[in-house]
Amino acid sequence: MHTVWKGAISFGLVHVPVKMFTATEDKDVHLRQIHKACGTPISYAKSCPHCERAVEWEEITKGYEYEKGRFVLFDEEELEAIKPENTRTIQILDFVALEEIDPMFYQKTYYLSPDQAGAGAYGLLLEAMRQSGRIGIAKIAIRSKSSLAAIRCVDNCICMETMFYPDEIRAISGVPGLPQIQNVNDRELDMAKLLIEQLSAPFDAAKYTDDYRTAMLDAINRKVAGQGVDVVTAPAAERTNVIDLMSALQASLAAVKTGDAPAAGAAVSRSASRKSAIRGDTGEADAAPAADKPKRTRAKPAVPGAAAAGGEEAGSASPKAAPSRRRKASEPQS
């Protein structure tokens with residue numbers, strides 16, 4: 001198990017250092033959306049429908065919709081300032097009887113183990129709750145969310161169940177279609193009670209299994225074993241390496257020397273260079289001195305008829321490093 005939280009249980013003047021572990025796990029069979037034509041998983045890019053373009057992470061902030069289409073925005077510093085205090089303390093407020101809590105209040109279960117030199121205090125709290133038959137009601141903040149929690153004993157472990165606040169539980173009066181007056185036939189009621197008695201048994205969690213998950217996994221295994229048309233391999237993503245970049249640069253320089261390169265060609269080369277730098281690619285082309293690198297100047301629109309007369313002059317700003325780079329690229333081949 002991986003530690004998801006470290007802190008302490010506090011009640012009165014007693015301080016119990018603990019580590020928290022998730023007690024449950026999601027075993028649902030999760031299916032992804034796949035492009036049938038090539039077998040590639042579909043990704044969901046963040047985009048702005050108003051601007052009609054993809055949005056980078058640095059452009060995104062958080063906001064609350066207080067009216068339809070109107071939002072109040074918060075930056076990270078503001079959210080950090082209003083985070084719950086005592087985020088490393090499970091503060092027990094009261095001790096109550098377990099049967100007084102309706103199960104609908106429970107959210108998720110965690111195991112708590114003693115941390116550092118807290119084994120003595122941990123054992124004391126565990127045994128005190130076991131002998132008193134009481135559980136603790138506490139407050140805790142996990143991942144910036146404040147929750148109620150029930151602290152109780154399970155065998156030789158202290159468990160914590162996060163709970164909903166009372167105002168998060170919807171009122172039963174809002175459920176439509178509930179009968180107002182229950183007119184029950186006495187004979188039918190006796191038969192129903194008899195059936196309940198016949199089906200009554202001690203609770204054994206091992207008896208209950210997820211039949212859908214079992215059937216889904218069986219279907220997956222059959223398809224994998226058969227290796228039919230329903231088993232596909234996603235194509236590998238194309239990777240642009242240094243060799244591709246050198247080929248593009250050499251082709252661009254050759255086009256510039258012949259005077260056939262459009263202004264966009266230089267922009268493509270510069271874009272490829274930027275991508276290579278961001279990606280962290282290294283190679284002999286990067287070893288050229290900074291002074292020899294071509295300046296990033298915006299290409300001027302071509303003037304009709306000037307290609308033959310001034311083509312050599314137009315290309316002189318960029319290809320200064322061309323002889324050096326071309327020699328280095330060709331040296332391993334010779």
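This report describes a predicted model of a protein chain, going from the whole chain to its salt bridges and then to its surface patches.

**The chain as a whole**

The protein chain has 334 residues, and 19% of them count as buried. Eight helices and eleven strands are found in the protein chain. Among contacts between residues at least 6 apart in sequence, 63% join residues at least 24 apart. The area exposed by the protein chain is about 26,000 Å², and carbon and sulfur atoms supply 55% of this area.

**Salt bridges**

Side chains of opposite charge can pair when their charged atoms come close. In the whole structure, a search finds six salt bridges. The table gives three of these pairs, including the distance from N to O.

| Pair | N to O distance |
|---|---|
| Lys6 and Asp115 | 4.0 Å |
| Glu67 and Arg70 | 4.0 Å |
| Arg213 and Asp210 | 3.8 Å |

The pair of Lys6 and Asp115 joins side chains in a salt bridge with an N to O distance of 4.0 Å. This pair links distant parts of the chain, with Lys6 in strand β1 (residues 3-11) and Asp115 in the loop between β8 and α2, 109 residues apart. Strand β8 covers 106-114 and helix α2 covers 119-132, with Asp115 in the loop between them.

Is Asp115 buried or exposed? The relative accessible area of Asp115 is 9%, and buried means under 20%, so Asp115 counts as buried. Its partner Lys6 has 42% relative accessibility and is therefore partly exposed. Which residues does Asp115 contact, leaving aside its neighbours within four places in sequence? They are Lys6, Pro17, Val18 and Lys19.

In the salt bridge between Glu67 and Arg70, both residues are partly exposed: Glu67 has a relative accessible area of 45%, and Arg70 has one of 46%. Arg213 and Asp210 form another salt bridge. Arg213 counts as partly exposed because its relative accessibility is 24%, and Asp210 is also partly exposed, at 30%.

**Phe74 in strand β6**

Strand β6 spans residues 70-74 and contains Phe74. Phe74 has 30% relative accessibility, so this residue counts as partly exposed. The C-alpha atom of Phe74 is separated by 5.9 Å from that of Gly63, although these two residues are eleven apart along the chain. Not counting residues up to four places away in sequence, Phe74 touches Thr61, Lys62 and Leu79.

**Surface patches**

Two patches on the surface are described here, one negative and one nonpolar. Which residues form the negative surface patch? The patch is made by Asp75, Glu76, Glu77 and Glu78. Of these residues, Glu76 has its place in helix α1, which spans residues 76-81.

The nonpolar surface patch has an area of about 340 Å². Leu31, Leu217, Ile220 and Val224 make up this patch. Where does Leu217 lie? Leu217 is in helix α4, which spans residues 211-226. Leu217 counts as partly exposed because its relative accessibility is 38%. A residue needs over 30% relative accessible area to belong to a patch, and Leu217 has 38%.

Terms used. Residues numbered from 1 in each chain as written. Predicted model: local features only at pLDDT ≥ 70, side-chain atom pairs only at ≥ 80, totals over all residues. Heavy atoms only, no water. Patch = residues over 30% accessible without salt bridge, like charges linked within 9 Å, V, L, I, M, F, W, Y side chains within 5 Å. Areas by Shrake-Rupley, 256 points an atom, 1.4 Å probe, with all protein chains shown as cover. Lys, Arg positive; Asp, Glu negative; His and termini not counted. Charge placed at Lys NZ, Arg CZ, Asp CG, Glu CD. Helix = DSSP H or I, 4+ residues; strand = E, 2+ residues; numbered from the N terminus. Buried < 20%, exposed > 50% of the residue type's maximum accessible area, 1.4 Å probe, protein only. Contact = heavy atoms within 4.5 Å.
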